[in-house]
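Dear colleague,

I am handing over the structure we spoke about, so that you can have it open while you read. My notes on it come after it, and I would be glad if you went through them with the model in view.

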Amino acid sequence: MCGIVAVSANRNVVEVIVNGLQTLEYRGYDSAGIAIIEGDHIAIRKQAGKLSQLKQELAAHPVAGHVGIGHTRWATHGEPTSANAHPHDSNNAIAVVHNGIIENYRPLREQLIAAGYAFKSATDTETLVHLIHHYQAQGMGFSAASHQAIGQLEGAYAVAITCMSDPNRIIAARKGSPLVVGLGDGENFVASDVQALINETNQFHYLEDGDVVEITQDSCHIFDAAGQPVERELKTVTLSSEALTKDGYAHYMLKEIHEQPTAVANTIAERLYNGRISPYFINEAATAILQQVDNIHIIACGTSYHAGLVARYWLEAITQIPTQVEIASEYRYRKPVVPQNTLFLTISQSGETADSLAALRFAKTANYLSTFAVCNVANSSLDRETEHCILTHAGPEIGVASTKALTTQLTVLALLTLKLAEIKQVDEAVRKNLAEQLITLPGIINQSLLLDDQIKVMAEKIVQRDNALFLGRGVHYPIALEGALKLKEISYIHAEGYPAGELKHGPLALVDEKMPVIAVCPNDELLEKLESNIEEVRARGGELFAFVDHKSQHGLKDRVNHLIELEASGSFTSPIVFNVPLQLLSYHVAVLRGTDVDQPRNLAKSVTVE
Ligand code: G6P
């Protein structure tokens, strides 16, 4: 991961770089740094910890200049110390920032040490900057030396380089890690994503793998992997900078939880018409593929994987299409059997997750009918590389713990299920009912948000605990998994999600009066079975927390310690609805524990390394 911003302008660029890095902290926040061409030297400021530390350092020791590069880091090689923070320099003549992993850094480092270079950090990145210096010392110009060195790198990377001997020029390159070029008036930019530059420009080139770009204040030249000049389409991006603020909420996560009714409505808008899927959902070519689908393989990571697990229940129950779901990092190293007419479907909020992209690239070489993706970021690598992409319209998600992205992914997957149900000629009354449930979904999610005060009280009972168990059955089992993931991600309480029927095969041994057990209890055909599982917990003294559908005939009132009733939803959309109070529960537990809700320790939002 890591975030990169680089600018060549006719004004002081420090603030532009720092503001850009602020929006890129979702990519990592172990350290931050900046290198500015300042008169006759490269001024470097870097600090371990978040960008706020760098800001303090810049306030104490200001820098100014028209050309510079900046970085926010998620540590891979070398601890998150100030010495390992980027930018790295060679003899104060060249400075580099890097996102990704240089796999062949060891032999390169040994060669460079033998050539007399002294390394100041434990990073793989420092090899690149000395390598460029090495070629410059042999007489090459900045451009030739950089192209030569970049050509030697193996692995995944995005880099930006600045150089004293050619002080207006920035050279940047990508392979496997995202990078965009922003064009301004008398100034040009490079960054890991468009959000970082949206206050400066809305004109962007999306670089492709292997591309190298050279920018100055008034020029931009892109070269492809073969070193040939190449044109990349110039896109106008419409993204409001307000979408990137907290808008009065204490945290991005809370704002994003509350945005869910709108995000779902936006995701459904124009795609559902008169109870049927409209042509705005997928085009004719994609529809023609869906008509041939006999199997589906879904691949994703983290929360997006949980979306896939829910979709399997829907797809198999409603369309009878056999569906498998797998974690991308496992799938990519397996030798999966791909039956005839199997659709490959990737789900990803960012569209930049390295394991998901690698799985997609593998799938394109395998016997798949086609590759589809569900993604929140237009023009991301996933959007560009998959054959068909269905965008969720969640808007930017900044909180590291995914909330509205999942809800909108599930919404798209529900629409896809409905589309396949139409193709498979599932009974019209059934389809109509599913469509009606989707239309009422934003309103029902709104009702769930009104439970906030009750959920806060529940959170107070969990905040002191070290462990928690989340139980669900059927299509709500993945929601239990997601509830546990959310709690562990942001509150650091150890939590596990379990299918309630499996409790007696192991986790019941953990249950005593210190173990909170949180049960997702929708009004479905498994409710009675779930009640029996809850009895098993009660008999062992576990403290029971239940989320129930207020219309269901459950006997849980006197059998659980804490109960919250949700607005009734249909059985199709119920997992989406039940997920919302679990998000709020984790949020309030985390706030009470005083953790960093939006940027939990050791994590990053977009994981662009293996
Ligand atoms: C990271 C994030 C998770 C996310 C996962 C997959 O681990 O912290 O919230 O679910 O990556 O990301 P993607 O962008 O592919 O959905």
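What follows goes through the domains, the cores, the strands, the cysteines and a few single positions.

Please keep in mind throughout that this is a predicted model.

**Domains and cores**

The protein is divided into domain 1 (3-243), domain 2 (245-449) and domain 3 (450-610). Between domain 2 and domain 3 the C-alpha centres lie 24 Å apart, and the contact takes 46 residues from domain 2 and 44 residues from domain 3.

The largest nonpolar core has 85 residues, and those with the most contacts inside it are Ile296, Trp314, Leu438, Phe470, Ile518, Phe547 and Leu585. Because domain 2 (245-449) and domain 3 (450-610) both give residues to this core, it lies between them. If you would like one residue to look at in that core, Trp314 may serve: leaving aside its neighbours within four places in sequence, Trp314 is in contact with Thr319, Leu410, Leu413, Ala414, Thr417, Val475, Phe572, Pro575 and Ile576. Apart from the largest core lies another core, of 32 residues, which includes Val63, Ala191, Tyr206 and Ile398. As a general background, nonpolar side chains in soluble globular proteins tend to be buried together.

**Strands β17 to β21**

Strand β17 (residues 295-300) pairs with strand β18 (residues 323-327) in the parallel sense, over 5 bridges, and the bridge partner of Ile298 in β18 is Val325. From β17 the chain crosses through helix α9 (residues 302-319) to β18, and this β-α-β crossover is right-handed.

Further along, strand β20 (residues 370-375) is mostly covered, with 6 of its 6 residues buried. In a regular strand the side chains alternate between the two faces of the sheet. In β20 both faces are covered, since Ser370, Phe372 and Val374 on one side are buried, and so are Thr371, Ala373 and Cys375 on the other. β20 pairs in the parallel sense with strand β19 (residues 342-348) over 6 bridges, where Thr346 stands opposite Ala373 of β20. A right-handed β-α-β unit is made by β19, helix α11 (residues 354-363) and β20. β20 also pairs with strand β21 (residues 388-391), again in the parallel sense, over 4 bridges, and there the bridge partner of Phe372 is His388.

**Strands β22 to β24**

Strand β22 (residues 467-472) is also mostly covered, with 5 of its 6 residues buried. β22 pairs with strand β23 (residues 494-499) in the parallel sense over 6 bridges, and in β23 the bridge partner of Asn467 is His494. Together with helix α16 (residues 477-491), β22 and β23 make a right-handed β-α-β unit. β22 is also joined by 3 bridges to strand β24 (residues 516-521), and these two strands run parallel; here Leu471 stands opposite Ala519 in β24.

**Cysteines**

How many disulfides does a search of the whole structure find? The search finds 0. Cys301, for example, is in no disulfide, and the nearest cysteine sulfur, that of Cys375, is 13 Å away, whereas a disulfide would need the two sulfur atoms within 2.5 Å. Cys301 counts as partly exposed because its relative accessibility is 22%, while Cys521, at 0% relative accessibility, counts as buried.

**Single positions**

Thr287 lies in helix α8 (residues 284-290) and is buried, with a relative accessible area of 13%. Leaving aside its neighbours within four places in sequence, Thr287 is in contact with Ile282, Lys419 and Ile423.

Is Gly139 buried or exposed? Gly139, which is found in the loop between α4 (125-137) and α5 (142-151), is exposed, with a relative accessible area of 65%. The C-alpha atoms of Gly139 and Phe344 are separated by 50 Å, the two residues being 205 residues apart along the chain.

Arg106, in helix α3 (residues 105-114), counts as exposed at 55% relative accessibility. Its C-alpha atom and that of Ala83, 23 residues away along the chain, are separated by 18 Å.

With kind regards

Methods:
Residues numbered from 1 in each chain as written. Predicted model: local features only at pLDDT ≥ 70, side-chain atom pairs only at ≥ 80, totals over all residues. Heavy atoms only, no water. Buried < 20%, exposed > 50% of the residue type's maximum accessible area, 1.4 Å probe, protein only. Core = buried A, V, L, I, M, F, W, Y, C linked by side-chain atoms within 4.5 Å. Domains from an automatic or database assignment. Contact = heavy atoms within 4.5 Å. Pairing = 2+ DSSP bridges. Right-handed = clockwise from strand over helix to strand, strands pointing away.
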